[in-house]
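Biologist: Could you walk me through this model and tell me what lies behind the labels you put on it?

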Amino acid sequence: MSNTEVIALLDEIERHPDAVRVRERTHELLDGAERIVDVGCGGGRAVHELGARAIGVDHDPATIAVARARYPAARFQVADAHALPFPDASLDGYRAERVIHTLDAPRALAEARRVLRPGGRLVLAGHDWDLFAVDSGLPEVTRRVVHARADQIADPRAARKAHHLLREAGFTDVATEILSTVITGPEGLPVVLNLAKDQEGEEIAAWCDDQRRRAAEGRLFLAVPVFVTSGQVIG
Ligand SMILES: C[S@@+](CC[C@H](N)C(=O)[O-])C[C@H]1O[C@@H](n2cnc3c(N)ncnc32)[C@H](O)[C@@H]1O
């Protein structure tokens with residue numbers, strides 16, 4: 001999937017009320033932080049929402065160009081989550097949404113801890129790629145589709161691992177909340193079809209057709225638990 005396609009898919013997801021609620025919750029958990037980095041910021045919406053106290057970083061220059069064009073008043077920089085361009089203990093807040101599954105999580109968390117000052121807070125949000133509930137006339141195929149998609153992800157279960165990884169990285173007051181995303185409208189179709197990405201065969205084609213039919217008939221159903229895990233650097 002190209003960057004433009006990823007951004008287009010995320011634009012669709014980001015507007016959904018359940019996704020808005022996740023972003024709002026991450027912002028609440030960073031309440032009071034004055035210097036925040038949003039790592040893997042994508043199109044930059046969360047940075048824009050957080051305002052002048054945030055800077056967005058993403059390792060993809062084309063994505064940063066899109067974010068800058070969308071939000072000229074916001075700050076963005078090309079940078080890798082494993083080597084952030086900030087001095088030690090220089091930030092109060094770290095946010096990463098839908099990113100940890102693509103990273104070397106222990107290295108990225110060590111880097112997060114380095115840039116956060118004592119008392120600084122980290123918030124991760126994301127789903128577990130093995131946990132998509134999709135209603136389908138072909139439930140056995142759904143199971144295979146979801147697990148095959150998870151197998152394409154670098155660290156598909158990073159969201160459920162994050163809690164203890166934060167503790168092992170030296171964060172305190174670690175807490176994990178689950179916020180649900182439930183999509184029943186046709187806007188969920190690209191998300192559901194993305195689960196079948198790079199999977200081929202008659203069964204998969206039938207499964208996708210079933211989803212297209214459901215979307216057209218107003219019967220699509222997708223439920224995903226979103227894990228919000230936060231912690232603090234010992235003050
Ligand atoms: C699925 S998108 C999520 C974007 C945004 N956080 C959101 O929730 O809409 C993941 C983003 O992380 C970025 N990313 C992946 N690996 C990264 C890394 N090692 N360092 C910085 N950004 C990274 C990708 O370029 C992409 O923009």
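Biologist: Where does Ala89 sit?

Modeller: Ala89 is in the loop between β3 (75-78) and β4. Keep in mind that this is a predicted model.

Biologist: Why is Ala89 called partly exposed?

Modeller: Partly exposed runs between the cut-offs of 20% and 50%. Ala89 has 38% relative accessibility, so it counts as partly exposed.

Biologist: And what makes the phi of Ala89 worth pointing out?

Modeller: Most residues other than glycine have a negative phi. Ala89 is not a glycine, yet its phi is near 50°, a positive value. Arg98 is another case, with a positive phi of about 55° although it is not a glycine.

Biologist: Where is Arg98, then?

Modeller: Look in the loop between β4 and α5. Asp104 has its place in that loop too.

Biologist: Why do Arg98 and Asp104 count as partly exposed?

Modeller: Buried means under 20%. Arg98 comes out at 21% relative accessibility, so it counts as partly exposed. Asp104 is at 34%, so partly exposed is the label there as well.

Biologist: How far is Asp104 from Ile183?

Modeller: They are 79 residues apart in sequence, and their C-alpha atoms are 30 Å apart in space.

Biologist: On to the ligand. Which residues come nearest to it?

Modeller: Gly40, Asp58, Ala81, Glu97 and Arg98, out of 18 residues around the ligand. By class, that shell has six nonpolar, six polar and six charged residues.

Biologist: How do you know that Arg98 makes a polar contact with the ligand?

Modeller: The cut-off for a pair of N or O atoms is 3.5 Å. An N or O atom in the side chain of Arg98 is 2.7 Å from an oxygen atom of the ligand, so the pair is within 3.5 Å and counts.

Biologist: What about Asp58 and Gly40?

Modeller: For Asp58, a side-chain N or O atom is 2.6 Å from an oxygen atom of the ligand. With Gly40 the backbone is involved: one of its N or O atoms lies 2.7 Å from a ligand nitrogen. Taken alone the ligand exposes 600 Å², and the protein buries 88% of that.

Biologist: Where is Gly40, and what makes it partly exposed?

Modeller: Gly40 lies in the loop between β1 and α3 (45-50). Its relative accessible area is 25%, so it is partly exposed. The C-alpha atoms of Gly40 and Leu131 are separated by 22 Å, with their positions 91 residues apart along the chain.

Biologist: Why is His59 called exposed?

Modeller: Exposed means over 50%. His59 is at 57% relative accessibility, so it counts as exposed. You'll find His59 in the loop between β2 and α4 (61-70).

Biologist: And why is Ala196 called buried?

Modeller: The limit for buried is under 20%. Ala196 has 7% relative accessibility, so it counts as buried. Ala196 lies in the loop between α8 (189-194) and α9 (202-217). Its C-alpha atom is 7.6 Å from that of Val146, 50 residues apart along the chain.

Biologist: Now the inside. Which residues touch the most other members of the largest nonpolar core?

Modeller: Val37, Val39, Phe86, Tyr94, Leu122, Leu124 and Phe171, in a core of 29 residues. Elements that give two or more residues to this core include β1 (36-39), β2 (54-58), β4 (91-97), β5 (116-127) and β7 (171-183). The top contributor is α5, with five residues.

Biologist: What makes that a core rather than a list of nonpolar residues?

Modeller: Members have to be buried and joined through side-chain atoms within 4.5 Å. In soluble globular proteins, nonpolar side chains tend to be buried together.

Biologist: Last one: which residues does UniProt list for the domain?

Modeller: The unreviewed UniProt entry gives residues 37-124 as "domain: Methyltransferase type". Over that stretch the chain is 31% helix and 32% strand, and the end C-alpha atoms are 12 Å apart.

How values were computed: Residues are numbered from 1 along each chain as its sequence is written. This is a predicted model: local features need pLDDT of at least 70, side-chain atom pairs count only at pLDDT 80 or more; totals for chains, interfaces and linings use all residues. Side-chain values use heavy atoms; hydrogens and water are left out. UniProt positions are given in the numbering used here, feature names are shortened, and annotations may be inferred rather than shown by experiment. Helices (H or I, at least four residues) and strands (E, at least two) are DSSP runs, numbered from the N terminus. A residue is near a molecule or strand if one of its heavy atoms lies within 4 Å of it. A polar contact is a pair of N or O atoms within 3.5 Å; within protein, one must be able to donate a hydrogen and the other to accept it, and residues adjacent in sequence count only if both atoms are side-chain atoms. Accessible areas come from the Shrake-Rupley method with a 1.4 Å probe; for residues, only the protein chains shown count as cover. Ala, Val, Leu, Ile, Met, Phe, Trp, Tyr, Cys and Pro count as nonpolar, Asp, Glu, Lys and Arg as charged, and the others, Gly among them, as polar. Buried means under 20% relative accessible area, exposed over 50%, partly exposed in between (1.4 Å probe, protein chains only).
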